[in-house]
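Reader: Hello! I am new to this structure and would love a close look at one part of it. Could you pick a single helix and walk me through it?

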Amino acid sequence: MRLSDSSGQQNDDDQLLKSFHKEGDLNVLGELFAKHSEMVYYVCLRYFKDVERSKDAVMQIFELLITKVNKQEIKDFPKWLYVVSKNHCLMALRSVKNNKEIPMSDFMEFTSIVHPEETYQQREEILTLLEDCISKLPEKQRNSVELFFLKEKCYKDITAATGYNPKEVKSFIQNGKRNLKICMDKNGKSTI
């Protein structure tokens, strides 16, 4: 699936994103989101298979962007938005089953292993395996991965919370990601 039509669209997205970062004008973010809202809707529809729920999710995802856009470096807005949308849907499906919110949205590329054609049970099995693999990480890697991906903390906040230095934090996150991939692959779930 190609998410960007042309380099012109990419440049336009970049300009709108820069403008939002500079001015904080929600109208600018709304304009940027509107260009890709149809894609967001169809992502939601593939997961929820319900028109109204998908429309509601589009609005929820826009609300998420207000904070998420400033927390991450975004190189390709449509691809980034696709992942945010997909993760939002997966977590919403999971929270319905567990009747509680699991703060795993934006959990990096590991959720990219879940394809729209897979059943809810298959998606649930993958997320359960991911949680199990996280629990098996060495303590420093587990702490860093959970703080960075699940609690959306920046390196500086992780350093303050754990006492690890910034180079250690970066190393623990990178090694944690690698070990998660190995664990998922061992269990027959291709990840990255």
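Author: Happily; here is a walk along helix α2, followed by its surroundings. Please keep in mind that this is a predicted model. Within the chain, confidence is highest in α2, at a mean of 91, and lowest in helix α5 (residues 120-135), at 75. The chain as a whole averages a pLDDT of 79.

Let us begin where the helix begins. There, a side-chain oxygen of Asp-25 comes to within 2.8 Å of the backbone nitrogen of Asn-27. From residue 26 the helix runs to residue 48, which makes 23 residues. A straight helix at 1.5 Å a residue would reach 33 Å, yet the end C-alpha atoms of α2 are only 27 Å apart. Look along the helix and you will find a kink of about 55°, centred on His-36. At the far end, just after α2, Lys-49 takes a positive phi of about 55°.

Now for the side that faces inward. The buried residues of α2 include Val-28, Leu-29, Leu-32 and Phe-33 in the earlier part of the list, then His-36, where the kink is centred. Further along, Met-39, Val-40, Tyr-41, Val-43 and Cys-44 are buried too, as are Tyr-47 and Phe-48. A general point helps in reading such a list: an α-helix has 3.6 residues a turn, so residues three or four places apart point the same way.

What does α2 contribute to the interior? The largest nonpolar core has 32 residues, and among those touching the most other members are Phe-33 and Val-40, along with Leu-65, Val-69, Phe-77, Trp-80 and Leu-81. Helices α1 (7-23), α2, α3 (51-68) and α4 (77-98) each supply at least two residues of this core. The largest share, eleven residues, comes from α2. Apart from this core lies another, of 17 residues, with Ile-134, Phe-149, Ile-158 and Ile-173 among them.

Two more residues are worth finding on your screen. Trp-80 touches Leu-65, Lys-68, Val-69, Gln-72 and Ile-74, leaving aside residues up to four places away in sequence. Leu-93, in helix α4, is 45 residues from Phe-48 in sequence, but the two are 7.8 Å apart in space, C-alpha to C-alpha. Leu-93 has a relative accessible area of 11%, so it counts as buried, the cut-off being under 20%.

Finally, a word about the less certain stretches. Over residues 1-6 the pLDDT is below 50, and it stays under 50 over residues 99-117 as well.

Note on methods:
Residues are numbered from 1 along each chain as its sequence is written. This is a predicted model: local features need pLDDT of at least 70, side-chain atom pairs count only at pLDDT 80 or more; totals for chains, interfaces and linings use all residues. Side-chain values use heavy atoms; hydrogens and water are left out. Helices (H or I, at least four residues) and strands (E, at least two) are DSSP runs, numbered from the N terminus. The expected span of a helix is 1.5 Å times one less than its number of residues. The bend at a residue is the angle between axes fitted to the seven residues ending there and the seven starting there. Buried means under 20% relative accessible area, exposed over 50%, partly exposed in between (1.4 Å probe, protein chains only). A polar contact is a pair of N or O atoms within 3.5 Å; within protein, one must be able to donate a hydrogen and the other to accept it, and residues adjacent in sequence count only if both atoms are side-chain atoms. A nonpolar core is a set of buried Ala, Val, Leu, Ile, Met, Phe, Trp, Tyr and Cys residues joined through side-chain atoms within 4.5 Å. Contact means heavy atoms within 4.5 Å. pLDDT is the predictor's confidence in each residue, from 0 to 100.
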